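Please look over the structure below. A few questions and answers follow it.

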Amino acid sequence: MKWRRDPSQAGGILVSLITLLAVVLVLAVLFFARHPIFRVIGEVWVVEDPLERSDAILVLSDDNFYADRATRASQIYRQGLAPIVVASGRRLRPYAGVAELIEHDLVERGVPKDKILRVAHDADNTREEAIELARIAKQKKWRSVIVVTSNFHTRRARYIFSHVFPEDVRIRISGAPDGDFDPERWWEKRISVKDLAREMAGMVVAIWEQHTDSEKRDKSQLIGGACVPNPLDVVWHLTSHPRFATRYFPLHAPKSCTIFAVPSRESQPADEERLIGVKILRRGVSCGRKKT
C-alpha cells in the first residue's frame, strides 16, 4: 500500500515554518535596532519638568562623586528660582552625614551658607526621605518645591513625591546630568546598566508600596490629625469589648498626634492572644487629648 501524506500535517508543518521564520525575523530586527530602542528607553525614563519660581530647592541625598545634584541645584538657585536650598542627607555619624557634604558642595558652587537648610535624617529609601521632607515643607508652609536628583532617578522621584507630598504643594522635578549615566548611551557602561535596572526595580517597589499603603488607609480607621505614623513601638490595649484591640504608634514630631489604627476583624483572635498578660498602659490619646 502506498503511503500518503495527510494534508493537515503538511499544513501544520508549513504554519510552524512560517511562525519560526517570523520569530527569527523579529529577533533579527530587534538585534539590529537595539541601540535606537535602548536610546528611547533611556530618554523616556529621564523626566524634566518646566521650572518656575518656587519656595525651596530640595537636593536629595546620596549625591554622586562628582556632586552633580549639588551642581544642578546651585545653577537653579543662581537663576533666582528659589530663596533657599535644602541639603537632604542620611546621617553617617552622630555629628556628620551626607547633608553636611551636600552643604559643602553647594557653598563651593556659590550658594550662600545662610541660604542652605540642612536636613539630616535616617531614611533608607526615597519614600522615607520624601516623608521627612514633606514634614519640613508642612512646617515651613511651602506651596511649591523643586526636587533635584540624578537624571536616572527622576521618574521614580516624581512618582514618589507626587504621592507623598500634600496635593496643594506643587512639585517640579529637575534631573542633574549624571557623570555615569548618559541616556543616549547608557547600555555601554556597566554602572549605567546597573543604575537603570535598580531604578526600574525600585519603581515596581514604589508602586507596590503605594498600592498597599492606600489599601491600609482604606481598611483602617485613623483617629487623630493628618500625621505620618512611624511605628517605633506597639502597645496593645482593651476597650469595652474584650476582643477589640488597637495599635498605638508614637510619632517623631514633638507636637504630633497619636494615631490609633483599628485592625480588621480577621486579626482579632491573634490580637486577643497577644493581650494575655499585657498591662494596659493607656486608653489612648488623640492630638494630646485623652480619648473620651
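The turns below deal with a pair of helices and then with a pocket.

This is a predicted model, in which local features need pLDDT of at least 70, side-chain atom pairs count only at pLDDT 80 or more, and totals for chains, interfaces and linings use all residues. Residues are numbered from 1 along each chain as its sequence is written, and side-chain values use heavy atoms, with hydrogens and water left out.

Reader: Is H5 parallel or oblique to H6?
Author: The axes of helix H5 (residues 126-140) and helix H6 (residues 154-164) come within 9 Å and cross at roughly 45°. Angles under 35 degrees count as roughly parallel, over 145 as roughly antiparallel, 65 to 115 as roughly perpendicular and the rest as oblique. Therefore H5 is oblique to H6.

Reader: Which residues of H6 make the contact with H5?
Author: Contact means heavy atoms within 4.5 Å. From H5 come Thr126, Arg127, Ala130, Ile131, Leu133 and Ala134. H6 supplies Arg156, Ile160, Phe161 and Val164.

Reader: Which element gives the most to the lining of the second largest pocket?
Author: Lining residues have an atom within 4 Å of a point on a 1 Å grid where a 1.4 Å probe fits, and a pocket is an open set of such points with protein on both sides within 12 Å along at least five of seven lines. Two or more lining residues come from each of H5 and helix H7 (190-219). With four residues, the element that gives the most is H7.

Note on methods: Axes fitted to C-alpha atoms, helices over the stretch in contact; angles between N-to-C directions.
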